[in-house]
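Open the model in your viewer and keep the selection tool ready. Each stop below says what to pick and what you will find there.

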Amino acid sequence: MSRMSFLRNPTIIYDCSLKLKITSTVFVRSLSDASTDLKKILAEKLPKEQERIKEFRKQFGSTKVGEVTVDMMYGGMRGIKGLIWEPSVLDPEEGIRFRGKSIPECQKILPKAEGGDEPLPEGLFWLLITGDVPTKEQVQAISQEWACRSALPEHVTKALNNFPKTLHPMTQFSAAITLLNSESEFVKAYTKGVHKGKYWESTYEDTMNLIAKLPVVAATIYRNIYKGGKGVGSVDPCKDWSWNFSTMLGYDNPQFIELMRLYLTIHSDHEGGNVSAHTTHLVGSALSDAYLSFAAGMNGLAGPLHGLANQEVLIWLEKLRGELGDSPSDEKMKDFIWNTLKSGQVVPGYGHAVLRKTDPRYTCQREFALKHLPDDKLFKLVSQVYKVVPPILLETGKVKNPWPNVDAHSGVLLQYYGMKEMNYYTVLFGVSRALGVLSSLVWARGLGFPIERPKSLSSELLMRCVRA
């Protein structure tokens, strides 16, 4: 493993291998093994990919890849193929594939913490941004680098501590990310007139700095709102990203830390069309820096139809529990489900815009629960819902996908380990989502993607075009 990878901002940290205090106000790069230098690896990959795409466009640039219908235009552009997203693709049958690899494959091949069962998010980030499965040493290098970049500017810490406790956690999260724009390396480089071919380099620096700081931002919000303003403590450069995040939140249960490693991995990316991903991409296409772009994406994630879904699941489960108790019969549960549907409501956590089978993110969380909390009453209720709901939704004849998605399970696991504060769950989602959308942002700048500007029509003009 490398010695000290990167240091930034006036701070004192411990080198994991030398156990020496080091103070630095500049970047220090002394990698003993170049293969752990992620930025160097990207610099080698980008020209090859630029050339490959250039030749592809030259040969097939005028080839049509789909058709747009009137229903697609009025239906939120659902299903329109019009966006390049490198880190992941969503398959209707297999679910998400990170750089071509399924969740079960990632669980097998990505490095894990010593004695742990779940892949480290750092490993997934390496996979998302390079397309390569990382070694243990490469993952350790990322863990150390993020720890070294994690310090917050004083004005951001002050703002977080001055926010009223009644301000929603996601509002605080988005605001703090926007304030971090003061640290943008891209803004500095752009102001100096850097060549557009080098935009990706400063975007990469912003990405690494932002991902490193997000756990500190998120933990500060949690401690301020729910734990009486107790400080988050320091980041340990000898530990991984999830370990540091969990302990800053105030959770040192090894199982909770394992859950965070799983949670932060599986929520990281879901191709480019979802609101948080597409918004980050869209705002970034205007050459807004990573901080402003990601903050915009987080404002989208905060919406009830996106990142708040796991909260809606818990509210619905508590309502079911209140009416039927912890161990209802299947018949009583079926009646409750039918009453929910007949009242014009949906069963939260079931169905998906693209998936047509059980979300593999649901499945891996269920496997975690079966291993660590098989007798938990709420988990048993979720398992019963999993058995009862799909046949009912199929019977209605109106649902294309009756199977559970990721939100049907994640809140139950957090509740079990004591994180009861549902308003905060979307912040966890946001910390994870940074891995995917910021990986894509680096590639968007590296491939020179232009500003995004689809053509829009009025209803009148569309009607004229269709009828002509």
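**Two helices side by side**

Select helix α11 (residues 254-266) and helix α16 (residues 360-372). Their axes come within 11 Å and cross at roughly 170°. The two helices are therefore roughly antiparallel to each other. Now show side chains at the contact. From α11, pick Q255, E258, L259, L262 and I266; from α16, pick R361, C364, Q365, F368 and H372. Colour this contact by class and you get 5 nonpolar, 3 polar and 2 charged residues. Bear in mind throughout that this is a predicted model.

**The cysteine in that contact**

Stay on C364, one of the α16 residues that touch α11. Is C364 buried or exposed? C364 is buried, at 4% relative accessible area. Next, look for a sulfur partner. The closest cysteine sulfur belongs to C106 and is 10 Å from that of C364, too far for a bond. Select C106 as well. This cysteine is also buried, with a relative accessible area of 2%. How many disulfides does the model hold? The count is 0. C106 takes part in none, and the sulfur nearest to its own, in C364, is 10 Å away.

**A crossing pair**

Move to helix α14 (residues 309-324) and helix α18 (residues 407-416). Here the axes come within 8 Å and cross at roughly 75°. That makes α14 and α18 roughly perpendicular to each other. On the α14 side, select A309, N310, V313, L314 and L317; on the α18 side, select D407, A408, S410, G411, V412 and Q415. By class, this contact has 6 nonpolar, 4 polar and 1 charged residues.

**A tyrosine in a loop**

A408 of α18 leads to the next stop: A408 is one of the contacts of Y350. Select Y350, in the loop between α15 and α16. This tyrosine is buried, with a relative accessible area of 13%. Which residues touch Y350, apart from its neighbours within four places in sequence? Show V385, Y386, V389, P390, L393, P402, W403, P404, N405 and A408. Then draw a distance from the C-alpha of Y350 to that of N401. The two residues are 51 apart along the chain, yet their C-alpha atoms are separated by 7.7 Å.

**A threonine in α15**

Step to T340 in helix α15 (residues 330-342). T340 counts as buried, at 7% relative accessibility. Leave aside its neighbours within four places in sequence, and its contacts are W316, Q345 and V346.

**The nonpolar core**

Zoom out, then look inside. The largest nonpolar core has 108 residues. Which members touch the most others? Select F173, F294, M419 and Y424. Now colour helix α9 (residues 199-226), which gives the most to this core, with 14 residues. In soluble globular proteins, nonpolar side chains tend to be buried together.

Centre on F173. Beyond four places in sequence, F173 touches L214, V217, A218, I221, F294, M298, V427, G430 and V431. One of these, F294, is also among the four core members with the most contacts.

**A covered helix**

Select helix α4 (residues 121-130). How many of its 10 residues are buried? The count is 10 of 10. The buried set is P121, E122, G123, L124, F125, W126, L127, L128, I129 and T130. Go on to G131, just after α4. This glycine takes a positive phi of about 85°.

**The end of α3**

Pick I109 in helix α3 (residues 103-109). I109 is partly exposed, with a relative accessible area of 37%. Its contacts, not counting residues up to four places away in sequence, are K101 and V133. P119 is 10 residues from I109 in sequence and 8.2 Å away in space, C-alpha to C-alpha.

**Two positive phi angles in loops**

Finish with the backbone. Select M77, in the loop between α2 (70-74) and β3 (88-91). Its phi is near 60°, a positive value in a residue other than glycine. M77 counts as partly exposed, at 48% relative accessibility.

Last, select R99, in the loop between β4 (95-98) and β5 (101-102). R99 is not a glycine, yet has a positive phi of about 50°. R99 is partly exposed, with a relative accessible area of 23%.

Key
Residues are numbered from 1 along each chain as its sequence is written. This is a predicted model: local features need pLDDT of at least 70, side-chain atom pairs count only at pLDDT 80 or more; totals for chains, interfaces and linings use all residues. Side-chain values use heavy atoms; hydrogens and water are left out. Buried means under 20% relative accessible area, exposed over 50%, partly exposed in between (1.4 Å probe, protein chains only). Helices (H or I, at least four residues) and strands (E, at least two) are DSSP runs, numbered from the N terminus. A disulfide is a pair of cysteine sulfur atoms within 2.5 Å. Axes are lines fitted to C-alpha atoms, for helices over the stretch in contact, and angles run from 0 to 180 degrees between N-to-C directions. Angles under 35 degrees count as roughly parallel, over 145 as roughly antiparallel, 65 to 115 as roughly perpendicular and the rest as oblique. Contact means heavy atoms within 4.5 Å. Ala, Val, Leu, Ile, Met, Phe, Trp, Tyr, Cys and Pro count as nonpolar, Asp, Glu, Lys and Arg as charged, and the others, Gly among them, as polar. A nonpolar core is a set of buried Ala, Val, Leu, Ile, Met, Phe, Trp, Tyr and Cys residues joined through side-chain atoms within 4.5 Å.
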